[in-house]
2 protein chains.
Amino acid sequence: VSIVADIPQRIPIAAPKRAAATPCVLNIGVIGPGKVGSALIAQLREAQPRLRREANLDLRLRAVADSRHMWLDCDDDALNGRAHGAQIWRPADLGEFAGYLRGDGMQPTLLADCSASDAVAGHYADWLGAGIHVVTPNKRAGSGPLSRWQAIHAAADAGGSRFQYEATVGAGLPVVQTLRDLLDTGDRLIEVEGMFSGTLAWLCNQFDGKRPFSELVREAHSLGYTEPDPRDDLSGTDVARKLVILAREAGSQLSLAEVEVESLVPQALAEVDRDEFMARLDEMDTPMEARRAGAMANRRVLRHVARLDRDGRASVNLQAVPETHAFAHTRLTDNIVQFTTRRYRDNPLIVQGPGAGPEVTAAGVFTDLLRVAGSMGARRCAC
Amino acid sequence: VSIVADIPQRIPIAAPKRAAATPCVLNIGVIGPGKVGSALIAQLREAQPRLRREANLDLRLRAVADSRHMWLDCDDDALNGRAHGAQIWRPADLGEFAGYLRGDGMQPTLLADCSASDAVAGHYADWLGAGIHVVTPNKRAGSGPLSRWQAIHAAADAGGSRFQYEATVGAGLPVVQTLRDLLDTGDRLIEVEGMFSGTLAWLCNQFDGKRPFSELVREAHSLGYTEPDPRDDLSGTDVARKLVILAREAGSQLSLAEVEVESLVPQALAEVDRDEFMARLDEMDTPMEARRAGAMANRRVLRHVARLDRDGRASVNLQAVPETHAFAHTRLTDNIVQFTTRRYRDNPLIVQGPGAGPEVTAAGVFTDLLRVAGSMGARRCAC
């Protein structure tokens, strides 16, 4: 189906140019081989021959760790599920894991943290300070304590290493890099507005008054669109984390606690256990239907919107937006972000598309990895 | 108005990390100091102190050339319009210009071609082969003869240099890089659809039946939204060039002549001189109004759409799109592009926003320049 099925893809990612016999090596470790980590490993494996051939880039997947195990000296066969050769299972010790990967420090090394673990994020500064690049879809570092976030960036500066996290917002959509490019070229951010939850986007799109909101939540839950406990989506915290990441990227010192988050979970259901929450879901219906009907009466639709305004205030809430608004025309589980800047003032710069799912999230991590590969010769350059 | 007015912007563009005393130097020459070139020079000058301080990157604007003059040994004062010091005006000789910039070849050198000249594009292969990076918003290389385009890329490979052209499509919007990242991470392109002319987008947006089409063209012309001869926009050729650039980026060997382009210029007006064309503009009104009314009767709106379909066919024409279509909701002079790929199949990845203007076009060129800076240590790396 591809229009380019028969044509070799050119790879101008600016890996160091060298004789074909001596490709540039990047040693890679993957932490968290869950859905995203497994998709990343599959994408890496598929891309390896092409990158070696066309970009002289030798991506070596050398180790994988989950919360209980480490798998060292991986090779492609191992990743195909066959265990032989030098693979060794050990109790996971992330310090040992990183030390093994880094070896004598003579070859560029990268860790892809595909976990959602705060504990793993606690290691970033050490790794970056030791010259190990880190790429991740894990939102914990970017939206966690400000002091840790600052220490991570200081460590990257000191270690000459890179910390990249495109996939933390909008999965594979070019959001963080786009903001970075705007700022690096001297633009000034005025406002960011977006929809950063595929789950809430889907619920808002489906909520047309024909079926009660609780029924839609149950359907989303059974389709796997929500977290195991749907309150993790409905509370808005995950969206607030993404907003904090973008705000910090723009130079703000925003913390998660400063974001005004409107939870869609009724107060009475906030603390009950999950089964009771699911059983009492229909308590959401009356207030949600009132908001929907009110919006419709004004020719508006409900959308779950995150916003960083021109005064630096950050908010996440359900809004009634006009039918002419860009957010009214998103589909399925689309994410959308619009950057209003000094240069994009009359009309914002908009990026839109599916913002969740293992494949596109892994692709966002892979893009970061290729950015690192494109620059990795630099730190050992003699200039 | 900026939310980040008082906070220093972090610049993680991965310039080589080095002691503060020895910043990494990039020697820059700008060709074509027109609207875009002047905006680029202004942006560079504004960014220089910040990049030197925060990214250890020393961007040196060393030469400017227009079609008749060269300005060598520029410094900031010279660019402020004061002529003193070592500046020398010479008849423009682009070979000499590039040779001067490259010097002994010991420092990374970059040429930003902000002309729209085919002759300048004819030099790219020589420059890239000599190790000089080229960044440009000039569409001539990307949409010109396929053999030249291939020679340019081969020269970049041989010279260890980079050729970047983000601003050829959608100005500062992340379009070419987004496509590149999709392909580099192993995605496959199925279809590209977009609106790549701000002029035609504006005309379509304004054309609601209240005023004849010719009146809108006259207004766009007087506002400076069109080329001096509006037929350069209405013919669709400029849009076809952008489609060729995207198709080739995806590995197709498409040539401009193979794009099916529907010109909005009536046959009878195609060859007359500009004054006569402007005088007879109302000959467009009857056919255009018929199309508009036909679209409206089907609850559709007219949009100027470029498309590369799944069979590799490229077309540029006026289409009646449903009011629910993403293209129906663009505003002002917005460009939009949607990539349908193996990973973005149900819902495409969409980038939208102002796609023309000196400031945003220059920012696109500047983004390319920073990508080169981020990788430039690599080619002199000892690994």
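How many helices and strands are there in chain A? Chain A has 15 helices and 13 strands. The model is a predicted one.

**Chain A overall**

Chain A has 383 residues, and 59% of them count as buried. Its exposed area is about 14,700 Å². Carbon and sulfur atoms supply 50% of that area. Take the contacts in chain A between residues at least 6 apart in sequence: 67% of these join residues at least 24 apart.

**The sheet across two chains**

Twelve strands form an open sheet with mixed pairing. The order begins in chain A with β9(A)-β11(A)-β10(A)-β8(A)-β12(A)-β13(A). It continues in chain B with β13(B)-β12(B)-β8(B)-β10(B)-β11(B)-β9(B). The edge strands are β9 (260–261) of chain A and β9 (260–261) of chain B, each of which pairs on one side only. In general, strands of a sheet pair through backbone hydrogen bonds, either parallel or antiparallel.

Where do the two chains meet in this sheet? Strand β13 (residues 349–354) of chain A pairs with β13(B). The sense is antiparallel, and there are three bridges. A:Val351 has B:Val351 as its bridge partner in β13(B).

Strand β13 (residues 349–354) of chain B is largely enclosed by the rest of the structure, because six of its six residues are buried. β13(B) also pairs with strand β12 (residues 334–341) of chain B, in the antiparallel sense over six bridges. Here B:Asp334 stands opposite B:Pro354 of β13(B).

Farther along the order, strand β10 (residues 300–308) of chain B pairs with strand β11 (residues 314–322) of chain B. This pairing is antiparallel and runs over nine bridges. B:Leu308 faces B:Ala314 of β11(B) across it.

**Helices on the sheet**

Helix α9 (residues 198–206) of chain A packs on the sheet. It touches β8 (189–195), β10 (300–308), β11 (314–322) and β12 (334–341) of chain A. The direction of α9 makes about 160 degrees with that of β10(A).

Helix α12 (residues 237–249) of chain A lies across β8, β9, β10 and β11 of chain A. Its angle to β10(A) is about 45 degrees.

**A tyrosine beside α9**

A:Tyr225 sits in the loop between α10 (213–222) and α11 (231–234) of chain A. It counts as partly exposed, at 37% relative accessibility. Leaving aside neighbours within four places in sequence, A:Tyr225 is in contact with A:Thr199, A:Trp202 and A:Ala220. A:Tyr225 and A:Thr199 are 26 residues apart in sequence, yet their C-alpha atoms are 5.8 Å apart.

**Salt bridges**

The whole structure holds 48 salt bridges over all chains. Side chains of opposite charge can pair when their charged atoms come close. Three of the bridges are listed here.

| Salt bridge | Closest N and O atoms |
|---|---|
| A:Arg307 with A:Glu193 | 3.6 Å |
| A:Glu219 with A:Arg211 | 2.5 Å |
| B:Asp184 with B:Arg180 | 3.0 Å |

The pair A:Arg307 and A:Glu193 links distant parts of the chain, 114 residues apart. A:Arg307 lies in strand β10 of chain A, and A:Glu193 in strand β8 of chain A. A:Arg307 is partly exposed, with a relative accessible area of 27%. A:Glu193, at 12% relative accessibility, counts as buried because the cut-off for that class is under 20%. Both residues belong to a network of salt bridges that links A:Glu191, A:Glu193, A:Arg307 and A:Arg310.

The partners A:Glu219 and A:Arg211 are described by their accessible areas. A:Glu219 is partly exposed at 26% relative accessible area, and A:Arg211 is partly exposed at 30%.

**A covered helix in chain B**

Is helix α8 of chain B mostly covered or mostly uncovered? Helix α8 (residues 176–184) of chain B is mostly covered, with nine of its nine residues buried. Among them are B:Val176, B:Thr178, B:Leu179 and B:Leu182. The charged pair B:Asp184 and B:Arg180 is buried too. These two residues are separated by about one helical turn, because they are four residues apart in α8. After α8(B) comes B:Gly186, whose phi is positive, near 100 degrees.

Notes: Residues are numbered from 1 along each chain as its sequence is written. Chains are lettered from A and ligands numbered from 1 in the order in which they are written. This is a predicted model: local features need pLDDT of at least 70, side-chain atom pairs count only at pLDDT 80 or more; totals for chains, interfaces and linings use all residues. Side-chain values use heavy atoms; hydrogens and water are left out. Two strands pair if DSSP finds at least two bridges between them. Contact means heavy atoms within 4.5 Å. Axes are lines fitted to C-alpha atoms, for helices over the stretch in contact, and angles run from 0 to 180 degrees between N-to-C directions. Buried means under 20% relative accessible area, exposed over 50%, partly exposed in between (1.4 Å probe, protein chains only). Accessible areas come from the Shrake-Rupley method with a 1.4 Å probe; for residues, only the protein chains shown count as cover. A salt bridge is a side-chain nitrogen of Lys or Arg within 4 Å of a carboxyl oxygen of Asp or Glu.
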